[in-house]
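Here's a quick tour for anyone opening this structure for the first time. Have a look at the sequence and the model, then follow the notes below.

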Amino acid sequence: RALDHKDSAAVAAAAGKAATVLQKLLGAAGGAASALKALAALDLAPEAAAERARLMAVAEQLHKAMPSLAITIDPVENRGFEYHTGVSFSFFARGVGSELGRGGRYRTGGENGKGSGEAATGFTLYTDTVLEAMPPHRAAPRLYVPAGCDAAAAARWRKEGYVTVAGLAPIKNAEAEARRLGCSHVLSGEKIVTLR
């Protein structure tokens, strides 16, 4: 509970011999570069040192793959990760009040992911939060392409962001047909006509 609340004094009171290293782990949280430097300086038990090495390898690979990605590390964060057995992670986006998703390493089988099966990695995306993070959808303009029109002209307008609706048979009133199909424009030759 003391670690969950990031309460250094409570950690000192409750952790006994482990208090010093746990307080240093609390203090190591932050941007990846400074957190990894602080973690590298700690004298850890072999199992914890192996986890630190895996964390450093993951951070290095992420930085190589996406140098502009902001990575923060919190070596004592475990809320919501109870069944994970190694490096765990959360996804965040600027301007969004909660995480987009989370995941990490675990073992298959058994209860709460602490089985005796093989090691695995997985994650969950929170669809509602992901949708909240996305820019508002702007409907593309719809262009009616009467039957017999130049396909190359229609392709050029698609590259400009129009959704094209192809006419299947010649029709006398292309504008009326475009309106019936919910289009905002009609292709006429190589140009488009905006419907009013």
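One term to start with: two residues are in contact when heavy atoms of theirs lie within 4.5 Å. Leaving aside neighbours within four places in sequence, Ala19 is in contact with Val11 and Ala12. Keep in mind that this is a predicted model. The notes go through a nonpolar core, a pocket, and a few single residues.

**Around Ala19**

- You'll find Ala19 in helix H2.
- Is Ala19 buried or exposed? Ala19 counts as buried because its relative accessibility is 8%, and the cut-off for buried is under 20%.
- Ala19 and Ala53 sit 34 residues apart in sequence, and their C-alpha atoms are 22 Å apart in space.

**The largest nonpolar core**

- In soluble globular proteins, nonpolar side chains tend to be buried together.
- Here, the largest nonpolar core has 17 residues, and the ones touching the most other members are Leu25, Leu36, Leu39, Leu42, Leu55 and Ile73.
- Three helices each supply at least two residues of this core: H2 (19–27), H3 (32–40) and H4 (46–65).
- Which helix gives the most to this core? That's H3, with four residues.
- Take Leu25 as a way in: not counting neighbours within four places in sequence, Leu25 is in contact with Leu39, Leu42, Pro75 and Val76. Of these partners, Leu39 and Leu42 also appear in the list of core residues that touch the most other members.

**The largest pocket**

- The largest pocket has a volume of about 1700 Å³.
- A total of 43 residues line the largest pocket, and Leu55, Asp74, Val87, Ser88 and Phe89 are the closest to its centre. Leu55 has turned up already, as one of the core residues with the most contacts to other members.
- Helices H2 and H4, together with strands S2 (72–73), S3 and S4, each give two or more residues to the lining.
- H4 has the largest share of the lining, with eight residues.
- What is the lining made of? The residues divide into 24 nonpolar, nine polar and ten charged.

**Glu99 and its partners**

- Glu99 is in the loop between strand S3 (88–91) and strand S4 (101–107).
- With a relative accessibility of 16%, Glu99 counts as buried, because the cut-off is under 20%.
- The side chain of Glu99 makes a polar contact of 2.8 Å with the side chain of Arg102, and another of 3.2 Å with the side chain of Ser90.
- Leaving out neighbours within four places in sequence, Glu99 is in contact with Ser90, Phe91, Phe92, Tyr126 and Thr129.

**Helix H6, end to end**

- At the N-terminal end of helix H6 (residues 151–159), Asp150 acts as a cap, with a side-chain oxygen 3.2 Å from the backbone nitrogen of Ala152.
- After H6 comes Gly161, with a positive phi near 105°.
- Arg156 has its place in H6. Arg156 counts as partly exposed because its relative accessible area is 41%, between the cut-offs of 20% and 50%.
- Which residues does Arg156 touch, not counting those up to four places away in sequence? They are Asp150, which is also the cap of H6, and Glu190.
- Arg156 and Glu190 are 34 residues apart along the chain, while 9.1 Å separates their C-alpha atoms.

Definitions and conventions:
Residues numbered from 1 in each chain as written. Predicted model: local features only at pLDDT ≥ 70, side-chain atom pairs only at ≥ 80, totals over all residues. Heavy atoms only, no water. Core = buried A, V, L, I, M, F, W, Y, C linked by side-chain atoms within 4.5 Å. Buried < 20%, exposed > 50% of the residue type's maximum accessible area, 1.4 Å probe, protein only. Polar contact = N/O pair within 3.5 Å; in protein donor to acceptor, adjacent residues only side chain to side chain. 1 Å grid on protein atoms, 1.4 Å probe; cavity = no way out; pocket = protein on both sides within 12 Å on 5 of 7 lines; lining within 4 Å. Points joined across faces, edges and corners; volume = space filled by probe spheres on them. Nonpolar A, V, L, I, M, F, W, Y, C, P; charged D, E, K, R; others polar.
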